[in-house]
Protein chains: 2
Amino acid sequence: MPVDCGDCPIRHRAVCARCESEELEHLEQIKYYRNFEAGQTVIWSGDQMDFVASVVSGIATLTQTMEDGRTQMVGLLLPSDFVGRPGRERAAYNVVATSDMVMCCFRRKPFEQMMMRTPHIAQRLLEMTLDELDAAREWMLVLGRKTAREKIASLIAIIARRDAALNMQGMRGPVVLDLPLTREAMADYLGLTLETVSRQVSALKRDGVISLEGKRRVTIPDMGRLLEEAGDDSDGGMPA
Amino acid sequence: MPVDCGDCPIRHRAVCARCESEELEHLEQIKYYRNFEAGQTVIWSGDQMDFVASVVSGIATLTQTMEDGRTQMVGLLLPSDFVGRPGRERAAYNVVATSDMVMCCFRRKPFEQMMMRTPHIAQRLLEMTLDELDAAREWMLVLGRKTAREKIASLIAIIARRDAALNMQGMRGPVVLDLPLTREAMADYLGLTLETVSRQVSALKRDGVISLEGKRRVTIPDMGRLLEEAGDDSDGGMPA
DNA sequence: CCCACGGATTGATCTGAGTCAAGGATTCCT
DNA sequence: AGGAATCCTTGACTCAGATCAATCCGTGGG
């Protein structure tokens with residue numbers, strides 16, 4: 001648990017990324033940390049929510065549920081991602097910690113006031129929201145038009161990409177990563193059943209697109225191949 | 001085609017909603033109108049895009065396409081909606097006019113500069129983007145977890161809701177509306193085929209959930225019933 | 001050590017939506 | 001009026017993914 005924003009691991013990616021030292025000091029005064037264990041619910045859709053927060057470490061999911069229990073994940077919250085909406089009283093989604101997690105919280109009212117005064121925060125939040133909107137739209141293509149196999153390949157590719165971004169390692173050669181989600185969570189992400197997820201993961205393994213070590217650790221021998229399977233075909237690497 | 005922002009039909013809902021007269025004057029100087037005919041493409045994904053814009057009148061769609069032709073709508077642009085992203089060089093989606101349409105465009109660079117200086121614009125854009133993100137997430141539930149029948153009912157409900165919002169009419173009693181989309185566009189919206197859309201529209205009609213006058217005009221005798229069919233069950237109206 | 005439990009796999013079967021194909025209804029053009 | 005787009009509807013058949021069900025595997029507890 002960091003205490004000083006200067007030492008914060010998400011300092012340069014979170015809502016506060018653009019803040020200057022003076023502004024940071026102000027934020028320090030209204031922030032507080034909260035810890036969650038894997039599996040714990042942060043908040044239920046519809047509940048009063050008088051804070052907003054950044055994920056400092058760990059992973060959480062944003063899900064929507066129908067009365068009959070069908071659930072769809074609508075967001076995957078990774079370190080530096082923002083939770084909550086300024087000006088909104090009640091949570092719009094269920095937020096559940098998927099791993100042990102630390103959040104940096106701000107009481108909503110003071111945060112809103114501060115946002116009015118410091119354009120740096122609003123600017124950064126706009127940028128982050130636009131990125132999330134792009135991600136949501138990519139996801140809509142996956143949900144609406146891709147086959148089960150393509151969906152699984154897409155998910156693995158997305159995780160590989162953000163791992164690469166985080167670790168600053170390019171995607172030359174084989175990539176190794178850990179799935180941060182259970183088969184069931186993957187199913188909720190992709191609009192499938194867990195059985196189908198399991199089958200398609202097995203199929204990709206059988207076909208040599210990925211290999212598995214345990215249930216969670218995935219090795220991708222050829223990223224280009226994976227992207228093909230995802231139907232992404234952004235062609236990944238240039239020749240030569 | 002309005003010329004004076006003061007007379008603009010979307011004055012109080014678009015990005016410029018919060019601007020004061022002085023700021024509006026500045027916007028007036030960099031704005032220009034463009035007209036599109038139904039069916040015309042505004043921009044292709046990947047193309048250079050050196051403007052951003054507001055839809056003044058008419059309707060456009062935002063779509064993503066895979067190489068093999070599968071397409072998914074990722075946004076439906078109605079009057080006052082914003083097109084383009086500050087700081088982005090190239091279009092991320094195809095934008096196609098579905099009806100005759102008028103756009104109020106701003107060259108991107110001057111707009112970006114102005115955004116830096118006038119928080120009112122950035123604030124409003126943030127708010128609009130957050131709304132779009134919410135809409136995208138609701139849509140994800142529709143795409144990932146609803147049946148074809150529920151998808152159609154959901155789409156009709158969404159259109160009914162925004163019509164109600166626009167015309168300031170509540171949703172008491174029967175609601176009449178025009179579908180702004182062809183069956184094919186509805187299919188692209190919902191991740192279905194046009195045949196399935198046609199069948200399910202017929203089924204909802206057969207079952208008395210809606211009635212049709214021509215192909216496009218829909219009457220909803222009982223909104224509660226429609227919401228049930230959509231699986232939304234936000235229960236719509238209170239008793240008494 | 002044995003058992004229980006949660007997550008994962010795999011098989012058998014069913015079904016909702018896709019595919020392929022044949023028309024019908026409007027509207028526009030000549 | 002005739003022809004031909006464009007859009008829509010409907011039917012017959014197929015198949016990808018859901019459902020139902022049995023089993024496996026790793027881990028933690030008594």
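## Conventions

Ala, Val, Leu, Ile, Met, Phe, Trp, Tyr, Cys and Pro are counted as nonpolar, Asp, Glu, Lys and Arg as charged, and the others, Gly among them, as polar. The structure is a predicted model, in which local features need pLDDT of at least 70 and side-chain atom pairs count only at pLDDT 80 or more, while totals for chains, interfaces and linings use all residues. Residues are numbered from 1 along each chain as its sequence is written, chains are lettered from A and ligands numbered from 1 in the order in which they are written, and side-chain values use heavy atoms, with hydrogens and water left out.

## DNA strand C

By class, the surface near DNA strand C has 2 nonpolar, 7 polar and 7 charged residues; a residue is near a strand if one of its heavy atoms lies within 4 Å of it. Among the 16 residues that surround this strand, the closest are Arg183(A), Ser198(A), Ala148(B), Thr196(B) and Arg199(B). Of the strand C atoms within 4 Å of the protein, 63% belong to sugar or phosphate and the rest to bases.

Several polar contacts can be specified, a polar contact being a pair of N or O atoms within 3.5 Å; within protein, one atom must be able to donate a hydrogen and the other to accept it, and residues adjacent in sequence count only if both atoms are side-chain atoms. A polar backbone atom of Ala148(B) is 2.8 Å from a phosphate oxygen of DNA strand C. The bases are also approached: a polar side-chain atom of Glu195(B) lies 3.2 Å from a base nitrogen, and an N or O atom in the side chain of Arg199(B) is 2.7 Å from a base oxygen. The elements that give two or more residues to this surface are α6 of chain A and α6 of chain B, and α6(A) gives the most, with 4 residues. Helices (H or I, at least four residues) and strands (E, at least two) are DSSP runs, numbered from the N terminus.

## DNA strand D

DNA strand D is surrounded by 16 residues, of which the closest are Ala148(A), Thr196(A), Arg199(A), Arg183(B) and Ser202(B). The side chains of Ser198(B) and Ser202(B) each place an N or O atom 2.8 Å from a phosphate oxygen of this strand. A polar side-chain atom of Arg199(B) lies 2.9 Å from a base nitrogen of DNA strand D. Here α6(B) gives the most to the surface, with 4 residues.

## The interface of chains A and B

Chain A is superposed on chain B by a rotation of 180 degrees with 0.0 Å of shift along its axis (RMSD 0.0 Å), the fit being by least squares on the C-alpha atoms of residues with pLDDT of at least 70 in both. The two copies are therefore related as by a two-fold rotation axis. The same surface serves both copies, as 100% of the contact residues of chain A recur in chain B; contact means heavy atoms within 4.5 Å.

The contact takes 42 residues from each of chain A and chain B. The area buried between them is about 3900 Å², of which carbon and sulfur atoms give 56%; buried area is the accessible area (1.4 Å probe) that two parts lose on being put together, summed over both. There are 12 salt bridges between the chains, each a side-chain nitrogen of Lys or Arg within 4 Å of a carboxyl oxygen of Asp or Glu. One of them joins Arg85(B) to Asp131(A), with the closest N and O atoms 2.9 Å apart.
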